[in-house]
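User: I've got a model open and want to know what backs up the labels people put on it. Can you walk me through the reasoning?
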Amino acid sequence: MQTRIRKSMIGAAFGFAIALISGGFAGILAGLVAGLINGYVVPEAEPLADKRRAIVQGLTVALVGSVLTILGIVLRNVVIDPIIGVPLNLIGVAIAAVGAVLLCVLVSVVMCVVRTEPPARERIGMAIVVGIILVTYPWLDQFLNLRFMNEVIPVLVFLLMALGLNIVVGYAGLLDLGYAAFFAIGAYAAAMVSSPHFGLSLSFWLAIWVAAAVAAIFGLILGSPTLPLRGDYLAIVTLGFGEIVPIAIKNLDNVSLSLWNYPLFVDVDLTGGTKGINPINRPWLPIIGEFSPSNPIPWYFLILGIMLISIFFISRLRNSRLGRAWTALREDELAAGAMGINTVNVKLLAFAIGATFSGLAGAFYGAYISAIFPESFRFDVSVMLLCMVILGGLGNMSGVILGGIIIQFADRLFLPQMSTVVQKLIVASGNESLRDINFASDFRLLLFGLTLVLMMVLRPQGLVPSNGSARVLPVAAGEARHD
Amino acid sequence: MKRLSGFLILLMLTSMIASCGSLASVGSGSTIKIVSSLPRTGSSKGQTDSIVNAIKQRLEEADYKACDGAFTIVYEDMDDATAAAGKWDAAQEASNANKAAGDSAVMVYIGTFNSGAAKISIPILNQAGLVMISPANTYPGLTKPGKGEADEPAKYYPNGTHNYVRVVPADDLQGAAAARWAQSLGAASVYVLDDTELYGKGVADVFEATAKELGIAVKARDGIDGKAADYRALAAKIVAAAPDMVYFGGITQNNAGQLLKDIRAEGFMGKFMGPDGIYETAFIEAAGADAEGVYATFGGVPAEKLEGDAATWYANYKATYNAEPEVYAVYGYESANVAMNAINSVCKQDRAAIQSAVMGTKDFKGILGTWSFDANGDTSLTSMSGAQVVAGKFEFVQPIK
Amino acid sequence: MATSHPRVAQGVPWRSIGKILIVIFCVLFLTLPLIEMVKAMIADPQLLVRQLLIGLTNGAYIALIALGYTLVYGIVELINFAHGDLYMLGAFFSLTLVGVFSLTPETPWLIRGPLLVVVLLATMAFTATLNMLVDRWAYRRLRGIGSRMAALISAIGISFVFQNLGLLWGYLRFPFMNGVMGSNAVAPKSFPALFPNVNLLAGTGVRFGAKDLIVVGVSVVLLAALYVFVTRTRLGKAMRATAQDRDAAALMGIDVNRTISLAFILGGALAGASGMLVGLYNGTAVFDMGFTAGLRSFTAAVLGGIGNIVGAMLGGLLIGIISALSDQYISTKWTNAVVFGILVIILVYRPTGLLGDDTAQKA
């Protein structure tokens, strides 16, 4: 019982924070998130087989979740909003609170019950619950007037890349600090063929395959020099490529190449240089027409579709002969080689397949923004992706997704909104000396950094550690000692 | 399972409809929103602080009211940078633009700071019919046909009408003016550098081309990494090339101060010139004593030389924010000024009407003087000024033809 | 299967084909530019010497920062991402002290010299303490629990925190600081030119300023002191023992946590020293300068063989010289790519760096 309440504080805390920071009807979303997290985390810690007890379990965690969420809603909409000049809307608050409780109870009870099913049905059940939430989300967002959709799409792009990086770092154990290079290569490959830049205006549906293929080829090319390297030497070489690729993209806007003294071509604008490439063709579908930037819903389903397909492929790969070879490689390269695994091919395949997903993400990103610039692919993208992978739990897909969601939302949605609220509070307090400090921009890095540090110190294994590695790894003893 | 999911959907729908009913109170008809989208995190923060201050200053003067109190003005300061990137982020700018486009109370979009960001948001806002006023974009291709790539600027305006104006003159004017000024200062040879970013490279390209036309010898052209620790090796190279002048197309934040210090420490005694990206106190503070004698070009007239309304503005700004306004502050103020003027003349929550009012701004008496927008959305104020650092301050030298 | 030779399993020798292709490419496209480069070097030997000297000075301070990485890496195998930002904080701290002591280029040397030493020591103490505290709060708890990655992310987080502290530092305008922070919080800060810039080689056509000598001199002294400390003293031995095998060291009665703390203290002190030196030498400091400096230095540490003190010095020197030559003979905008390109090539042929051994791979 105690673990149950303690564990349900995780989701409750999220609900509280979202309700407090976002205000308005986001409280309803907060309830949903609290229910979803608790429904996932608690039965994992306390598995039950009995349906009736599972319902009780669901109700308990939902109680904890919704109490804190309502606290957040009240604190924000009733206490803070009037201070910062938003008129109090008691009916709205009531609706938000009731909606939050309903969704929280519903989702956590359903998930707890689904968890009692035998594994095969359990998986389908969970997929259905999550699927319903994902599919209905755009309309939820629209009706609640949240306007989170425009943040959700870039977050999903980053998640897709994190999944790809997870293949390289999590599965094969190759620390890659330059993964953004493949993102850049994919985005530029797609942009070059599907924009007026070279006069080739291919459709997005073709360009995305070109991007994936080109990224994979570059994965092979850039992966090959790293073959003899191990550990952090590998990391620094990948970092080097991560630095070289954006510089090359930036400076390859007037390429001249001469074979001895015979100029092959002179002043070719390969990449658009600092100007970047735009406009890039947007996808077109029969009924929807050309995807428009103002309507995020088609984009959402497109990236969601790409993600689902990728997740399917990656999970199949994970359990394939190649996936097991990656695990062997990660645990002990020497032993893996001795067992007859072709370490060279296996490593190269990890780079190439990892890069493919990044290429897909790049192609989507370019089409979504409809423009790309060399600045978008710098080292910090690689670092951020690595944080997402490690924070969630190395080698575990649901962990990576969770970690990615937390980091990306913290950076794009949560911290800016929180800063805005604090800023408004400062202004409302009328304190002249504090007014000069712009909280929104002056403390953002600090808060972001602290988030990373706290997350790591509190959960060093990642949010959802990989069960596979815990079972196999000799360090598991250390992990057990910690918990 | 099926029954459950059906119930779930039903519940979601009911909660949505329920909440929809109460939404009416959120966006009431008497509120007009002005948003700005600028990089508020990271290296451009100093400049954008100044712009945001100036926008707020203009709105505070109107007490956040328009049309004699019929409308309340709400201002939102959006950040198009992410903490992780430390500078503007394409996805974030797209998100800001989409958010503004989707919020029916938003009537004016002030931004962006970076021309690259504008390339993303102009088409989005164009399709939403929302007017965009930039206080800082100087990339010529955003508005002027024939100055950028072949399909510019048409590609930014998918619905055919222009919805974008800028109160700041574009680079093609500044780079050319700088080259002419360099010639009149007696520079026979130049070494042209840029910070490998859109703004800096653009203005340096124009400078280089004009200099060649004018018969100034361009010794070399190179780009620097704005985040490098030092430029001593480059400085030695410059000293060896012995040009009369070094021209740096770039901004203070991309290490202009360090570049100048290293060039001087290496023993270069010639002239150093830059665009309005270095026309700010921050540059003089960064370069220290070496800033003495540096030339900079900028559009319009320097803030402290302003007269009439503008002089009042300058004094007020200093009094309110206890700081010198940076170079773009005056443009930030003027952007808000144009926006308020259009809102006051339309007095309706009507994007199309406000857009045409802004686009049609004629003989507007702002703090930059009396000016108009041309059909492309460029300001008629094309006068360029030259300034030089004297005793630790930029002093106005002469207008440049 | 297990008996088959690994070579057989590879099938088509893709790697040899790749290498041959690379060689052909280099011969066809790079020979002429290379000849041009050598011609340019011969044409102006004084400039070449000047660039080499610039490379030497830059290499000296890169090595100083690189040592901080190498010390910490050698002992806990953590890529300390926050190290570059610690260096930045060192620069800011020393600039503040310079303002407090109101040092200017006019201050007579009798006062300026001792005060500069005080600033140096105080900065070293500041960054050393900071690094130790960070180790205690953010890294120590993550040690010995499975993945090294947790500490890596923690270090990235600390790096963001430091950067933000540097930004907030720019707001400090106490009257006793004499306005060293300027009026704009995020803009680069200027150091007064406290190191003299007289040319020591006047008349030879080559420049080597007094301040270059100071930087090289202080760096060499600090590097030598560190080398002696690590190889000759008891504590140094304890550090090396801990680096080799933490458990065995603990069994031998070495307080492992204290020894690791010591590595962080020493690394922090070096970051502080380089922050001050580079600040005064280059003349500016900005809150986001730590990242690039850190990247360069970390690269130097890896190039030399990470965990190896002499290797870090060699790596720093090499990177300093390569960048200077690339700035002069190729193009500044390609310099970073050239540095990393050469790094990749060196590591392909020497997979553990120039002087590295296999210790780094035991993870």
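User: What makes the radius of gyration of chain C agree, or disagree, with that of a compact globule?

Analyst: First, a caveat: this is a predicted model, where local features need pLDDT of at least 70, side-chain atom pairs count only at pLDDT 80 or more, and totals for chains, interfaces and linings use all residues. Residues are numbered from 1 along each chain as its sequence is written, and chains are lettered from A and ligands numbered from 1 in the order in which they are written. Now the rule: take 2.2 Å times the number of residues to the power 0.38, over C-alpha atoms. For the 363 residues of chain C that gives a value near 21 Å, and chain C has 23 Å, so the two agree. Its C-alpha atoms fill a box of roughly 75 × 60 × 40 Å along the principal axes.

User: How many helices and strands does chain C have, and what counts as one?

Analyst: Chain C has 13 helices and 2 strands. Both are DSSP runs numbered from the N terminus: H or I with at least four residues for a helix, E with at least two for a strand.

User: What percentage of chain C counts as buried?

Analyst: 53% of its 363 residues. Buried means 20 or more other C-beta atoms within 10 Å of the residue's own, exposed means 12 or fewer, and partly exposed is in between, with C-beta atoms placed from the backbone.

User: Why is helix 4 of chain A called largely enclosed?

Analyst: Because 20 of its 25 residues are buried, the rest of the structure largely encloses helix 4 of chain A. Helix 4 covers residues 90-114 and reaches 36 Å from first C-alpha to last, close to the expected 36 Å. The expected span is 1.5 Å times one less than the number of residues.

User: How many residues of chain A and chain C are in contact with each other?

Analyst: 47 residues of chain A are in contact with 51 of chain C; the test is C-beta atoms, placed from the backbone, within 7 Å. Helix 9 of chain A gives the most to the chain A side, with 11 residues. By class, that side has 31 nonpolar, 11 polar and 5 charged residues. Nonpolar covers Ala, Val, Leu, Ile, Met, Phe, Trp, Tyr, Cys and Pro; charged is Asp, Glu, Lys and Arg; the others, Gly among them, are polar.

User: And what does chain B bring to chain C?

Analyst: That contact takes 36 residues from chain B and 34 from chain C. Helix 7 of chain B gives the most to the chain B side, with 6 residues. The chain B side divides into 13 nonpolar, 12 polar and 11 charged residues.

User: Why are strand 2 and strand 6 of chain B said to stand at the edges?

Analyst: In chain B, 6 strands form an open, mixed sheet in the order 2-3-1-4-5-6. Strand 2 (65-66) and strand 6 (164-166) each have a single partner strand, so one side of each is left without a neighbour in the sheet. Pairing takes at least two DSSP bridges between two strands. Strand 4 and strand 5 of chain B, for instance, pair in the parallel sense over 3 bridges, and Val108(B) stands opposite Val131(B).

User: Where do the domains of chain B lie?

Analyst: Domain 1 of chain B is 31-169 + 307-382 and domain 2 is 172-299; such bounds come from an automatic or database domain assignment. Their C-alpha centres are 29 Å apart, and the contact between them takes 17 residues from domain 1 and 14 from domain 2.

Key: Contact = placed C-beta atoms within 7 Å.
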